[in-house]
Structure formats: structure tokens, C-alpha cells
Amino acid sequence: MLVAGASGGIGSACARAFAAEGAHVLVHYHRGEERALALSEELGGAPRVQADLTSEHDVERLFDETRTALGRIDVCAAVAGMWPSEDVPVWELPLEHWEETLRANLTATFLVARAFLREVERTGHGSLVFVGSTAGVFGEAGHADYAAAKSAITGGLLLSLKNEIVRIAPRGRVNAVAPGWTETPMTRGLVDPDQVHAVSRTMALRKVASPDDVAAQVVVLSSDTLSGHVTGQLVVVAGGMEGRTVHPD
């Protein structure tokens, strides 16, 4: 199986979780070569491939090299994404910023999904799992670009592809997870105790997730044994987050 974006926190956790279940894993990375190498060694020499997922050519090469390394690709976890750290309201959001965020999240996911479905067309089998965000479920003020991209992935793209995949694989499935606050390299420094106390007012479980929490759900959705009759579903991994305040303080 291929973990696209495996050198980050959730991606690394996904690679470890699949490997622990006996899967043959290929690690994708873009810029984090040292992290990818360390992860590869940790997983007993798992193959790794560098690729820019916003590049059509790179994505095609990634899947060619993955097929060569693994023989076939039965599962793809599309984890890669980018959350801009700066809060920018829409009326101040430059078009270039908007397009960059959509390209890094939505376009990259489309290219990975398209390439994987071409593999499915060859093999007649496959399971694809997207990693979205609660920003795509509830919105996120100051990050409309990111929220729009993630909503498109776990809404229109997910629901379209779960119907399309069965044209080429009668038991093929497409699902997604939407993590909430998770301790990853993207959020490091933003989940101190005071911040957790503030943001968890909308969550039944007053804690942030670990990457392993998210990876476990990706593995479950990928499994034909555990989720063989589950497709087109979005699992929110966010401690019971709601679009309202649950705790008074």
C-alpha cells in the first residue's frame, strides 16, 4: 500500500499502523527526506519515493515506482496537505494564497486519487482513504481556503469517487477521515494546555488527538475485513467535536 505524505505526523503514523498489520508499505515524501529515511529504516527498509504531489508528472512517476517496488497497490492513504499558519480573512486573502492552498490540498489529492484509480482499473480491487479536516466540516475562520479545499475532498470528491470506483472494481471503496486538533508538526506549539482548554470547549473529550488515533481509523476504513461494506463515509476523529460549545469553560 502507498502512504502519500508519510513523512509528516499523521502520515508516519499511518505507515507504522499499516506495517504493524503486515502490509507492504511505500513511504512517499516531498521535502522531508531525512524523516522519510528514518521512517523507512524504522519499518525495516520500506521503499520510499520523493514526489511533488501538485505535479502531474511526479504523481505518475510516484505510482510507477510504487508499482515496481510493491508489485501492486491495493490501498492508498492520501494524507498529504498543507495548513497555512497565518490567519487571513477572505477580504484580505490574495488570490495567489488561495490558489496555493487549494493546489497543495485539493489538486494534490485529486492527482493522487486519479493515479490510484488507474491502478484499480488494472487490478479490479482497491481501497482509498482521504485525510480531510474538521475545518471542512465546521469551517475555520481565517482559513477559508483550507476549509474549502478539505470540504471539497470529503464532500463532492469523496461522494463522487465512491460511485465511480465500482465501475472498475465492484468491491472498491473510498472513504475519509476528518481529524480535529491533532499533535503534528503543523500544529506544534498550538496545543499547549491553555490552548487545549480553549479549543476543547466544543469537544466531548477534552484532549487533542495523537497521530496514532487518526491512523487507526485510516487502517480500519482501508480494511476489507473491518469495513468491507463501508464506502463514501467520513469519520470525524475529533473527540466528539460539535459546532457549538459543549463545556461552559
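Charge placement makes a good starting point for this predicted model. The protein chain carries 21 positive and 31 negative charges, and the mean positions of the two sets lie 7 Å apart. Its exposed surface comes to about 11900 Å², of which carbon and sulfur atoms supply 51%.

Turning to the overall fold, the protein chain contains nine helices and seven strands. Its radius of gyration is 17 Å, close to the 18 Å that the globule rule gives for 249 residues, so the chain is as compact as a globular protein of that length. The C-alpha trace spans about 55 × 40 × 40 Å along its principal axes. Of the 249 residues, 47% are buried. Contacts that link distant parts of the sequence are well represented: among those between residues at least 6 apart, 71% join residues at least 24 apart.

Ser127 offers a helpful close-up of the interior. This residue lies in strand S5, which covers residues 127–131. Ser127 has a relative accessibility of 0% and therefore counts as buried, the cut-off for that class being under 20%. Leaving aside residues up to four places away in sequence, Ser127 touches Asp74, Val75 and Cys76, together with Phe116, Arg173, Leu221 and Ser222. With Ser222 there is also a polar contact: a polar atom of the Ser127 side chain lies 3.4 Å from the backbone oxygen of Ser222. Thus the buried Ser127 pairs its side chain with the backbone of Ser222, while Asp74 and Arg173 are also among the residues that Ser127 touches.

Methods. Residues are numbered from 1 along each chain as its sequence is written. This is a predicted model: local features need pLDDT of at least 70, side-chain atom pairs count only at pLDDT 80 or more; totals for chains, interfaces and linings use all residues. Side-chain values use heavy atoms; hydrogens and water are left out. Helices (H or I, at least four residues) and strands (E, at least two) are DSSP runs, numbered from the N terminus. The radius of gyration is taken over C-alpha atoms; the globule rule is 2.2 Å times the number of residues to the power 0.38. Buried means under 20% relative accessible area, exposed over 50%, partly exposed in between (1.4 Å probe, protein chains only). Contact means heavy atoms within 4.5 Å. Accessible areas come from the Shrake-Rupley method with a 1.4 Å probe; for residues, only the protein chains shown count as cover. Lys and Arg count as positive and Asp and Glu as negative; His and the chain ends are not counted. The place of a charge is taken as NZ of Lys, CZ of Arg, CG of Asp or CD of Glu. A polar contact is a pair of N or O atoms within 3.5 Å; within protein, one must be able to donate a hydrogen and the other to accept it, and residues adjacent in sequence count only if both atoms are side-chain atoms.
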